[in-house]
Amino acid sequence: MEAYMTKRALKRMVREGANDAGRYDDDAKVRRLPVEHRQAWSPLGNPGHEDRDQSYLKTIKPKSPGQATLMEAIDDKNLIMALGPAGTGKTYIAIAKAVEALEAGKVGRIVLSRPAVEAGESIGYLPGDMEDKLAPYLRPLYDALSDRLSVKRMRALMAEGAIEIAPVGFMRGRTLNNAFVVIDEAQNCTYMQLKMLLTRLGWNSTMVVTGDPNQSDLLPGISGLAEVSAKFEPVENIAVVRLADRDIVRHPLVAEMLGVL
């Protein structure tokens with residue numbers, strides 16, 4: 001019976017990927033993604049090229065002038081407002097820079113936050129503890145993190161507190177020292193919420209606030225992102241980077257759709 005249980009447990013672990021250690025080899029340098037060779041648009045160019053190997057280094061490179069401006073601002077300033085339409089890479093660049101700073105020892109932790117606002121539909125009553133209930137809202141942050149780190153390393157860093165993901169409501173009263181802070185989907189924050197979040201910035205910390213003022217899920221006039229950004233424009237030590245449709249790196253149809261919607 002014991003041998004049978006052991007075999008069954010082993011099969012389950014293999015099926016769930018628990019023993020697949022080969023997935024994490026050389027993960028700190030290059031991760032390779034499977035590519036389906038067909039005629040389709042790609043931000044890397046060469047659509048349908050059979051010999052193309054889609055891989056990337058952990059150091060990201062800007063794919064548009066707006067992205068280059070954003071990356072320079074993150075390197076130079078401690079508070080950055082990144083505004084722009086969907087698909088411009090605001091969140092991805094911010095999280096990639098956060099991971100880069102953590103691995104280089106420039107900061108001691110990463111704090112990611114976004115408002116738990118439903119985008120027009122209700123997910124109903126979810127079972128589980130607080131983390132389970134908030135998981136659907138925070139899923140995009142997990143996705144971006146797992147794209148820059150292996151899932152195994154991401155979970156290890158989260159377990160030791162080096163990476164923290166929390167909703168906006170849990171940020172009040174904190175002082176974030178020696179941290180790289182990313183506030184995502186800030187268009188769904190009110191003026192007072194943004195004021196509270198921005199004043200969390202502590203010593204040796206960088207904060208990047210991302211959002212699209214034109215895609216708020218709040219009632220008209222409630223979002224505070226546009227107002228806060230306008231007030232920060234003349235402040236020399238704060239960078240306000242405005243990305244445009246030309247900076248979209250998703251499918252070209254995204255830019256065309258946003259131009260008519």
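The following exercises, each with a worked solution, concern a predicted model.

**Exercise 1. The surroundings of strand β3**

Determine how many residues of strand β3 are buried, and which strands are joined to β3 by bridges.

*Solution.*

Step 1. Strand β3 consists of residues 79–83. A residue counts as buried when its relative accessible area is under 20%. By this criterion 5 of the 5 residues of β3 are buried, so the strand is largely enclosed by the rest of the structure.

Step 2. Next, consider the directions of the side chains. Leu79, Met81 and Leu83 point one way from β3, while Ile80 and Ala82 point the other way. The residues on either side are all buried.

Step 3. Now identify the partner strands. Strand β7, residues 206–211, runs parallel to β3 and is joined to it by 5 bridges. Strand β8, residues 238–242, also runs parallel to β3, and 5 bridges join these two strands.

Step 4. Individual pairs can then be located. Leucine 83 has glycine 211 as its bridge partner in β7, and it stands opposite arginine 242 in β8. Alanine 82 has valine 241 as its bridge partner in β8.

Step 5. Finally, examine the cover of β8. This strand is mostly covered, with 4 of its 5 residues buried.

**Exercise 2. The nonpolar cores**

State how many residues the largest nonpolar core has, and which helix gives the most to this core.

*Solution.*

Step 1. The largest nonpolar core has 35 residues. Those with the most contacts inside this core are Leu70, Ile80, Leu112, Leu145 and Phe180.

Step 2. Helix α3, residues 90–103, gives the most to this core, contributing 8 residues.

Step 3. Another core lies apart from the largest one; it has 24 residues, including Leu83, Met196, Leu225 and Ile238.

Step 4. Phenylalanine 180 may be studied more closely. With its neighbours within four places in sequence left aside, phenylalanine 180 is in contact with several residues, among them Ile74, Ala94, Lys97, Ala98, Ala101, Val111 and Val208.

**Exercise 3. The buried side of helix α7**

Establish which residues of helix α7 are buried and what they pack against.

*Solution.*

Step 1. Helix α7 comprises residues 225–232, and its residues Leu225, Val228, Ser229 and Phe232 are buried.

Step 2. These residues cover an arc of only 100° around the axis, and therefore lie on the same side of α7.

Step 3. The buried residues of α7 pack against β3, β7, β8 and helix α6, which spans residues 191–198.

**Exercise 4. Salt bridges**

Find how many salt bridges the structure holds, and describe those formed by lysine 97 with glutamate 100, by glutamate 103 with arginine 153, and by aspartate 143 with arginine 139.

*Solution.*

Step 1. The structure holds 9 salt bridges.

Step 2. In the salt bridge between lysine 97 and glutamate 100, the closest N and O atoms are 3.7 Å apart. Both residues belong to helix α3, where they are 3 residues apart, about one turn of the helix. Lysine 97 counts as buried because its relative accessibility is 8%, whereas glutamate 100, at 31%, counts as partly exposed.

Step 3. Glutamate 103 and arginine 153 form a salt bridge whose closest N and O atoms are 3.6 Å apart. Glutamate 103 lies in helix α3 and arginine 153 in helix α5, residues 151–159, so the pair ties together parts that are 50 residues apart in sequence. Glutamate 103 is partly exposed at 45% relative accessibility, and arginine 153 is partly exposed at 38%.

Step 4. Between aspartate 143 and arginine 139, the closest N and O atoms of the salt bridge are 3.1 Å apart. These residues are 4 residues apart in helix α4, residues 130–148, and are therefore separated by about one helical turn. Aspartate 143 is partly exposed at 41% relative accessibility, as is arginine 139 at 43%.

Step 5. Asp75, Lys97 and Glu100 are joined into one network by salt bridges that share partners.

**Exercise 5. Arginine 114**

Decide whether arginine 114 is buried or exposed, and name the side chain with which its side chain makes a polar contact.

*Solution.*

Step 1. Arginine 114 is found in strand β4, residues 109–114.

Step 2. Its relative accessibility is 10%, so arginine 114 counts as buried.

Step 3. The side chain of arginine 114 makes a polar contact, at 3.4 Å, with the side chain of glutamate 185.

Step 4. Not counting residues up to four places away in sequence, arginine 114 touches residues including Tyr137, Leu138, Pro140, Leu141 and Asp184.

Technical notes: Residues numbered from 1 in each chain as written. Predicted model: local features only at pLDDT ≥ 70, side-chain atom pairs only at ≥ 80, totals over all residues. Heavy atoms only, no water. Buried < 20%, exposed > 50% of the residue type's maximum accessible area, 1.4 Å probe, protein only. Pairing = 2+ DSSP bridges. Core = buried A, V, L, I, M, F, W, Y, C linked by side-chain atoms within 4.5 Å. Contact = heavy atoms within 4.5 Å. Salt bridge = Lys/Arg side-chain N within 4 Å of Asp/Glu carboxyl O. Polar contact = N/O pair within 3.5 Å; in protein donor to acceptor, adjacent residues only side chain to side chain. Arc of directions from axis to C-beta.
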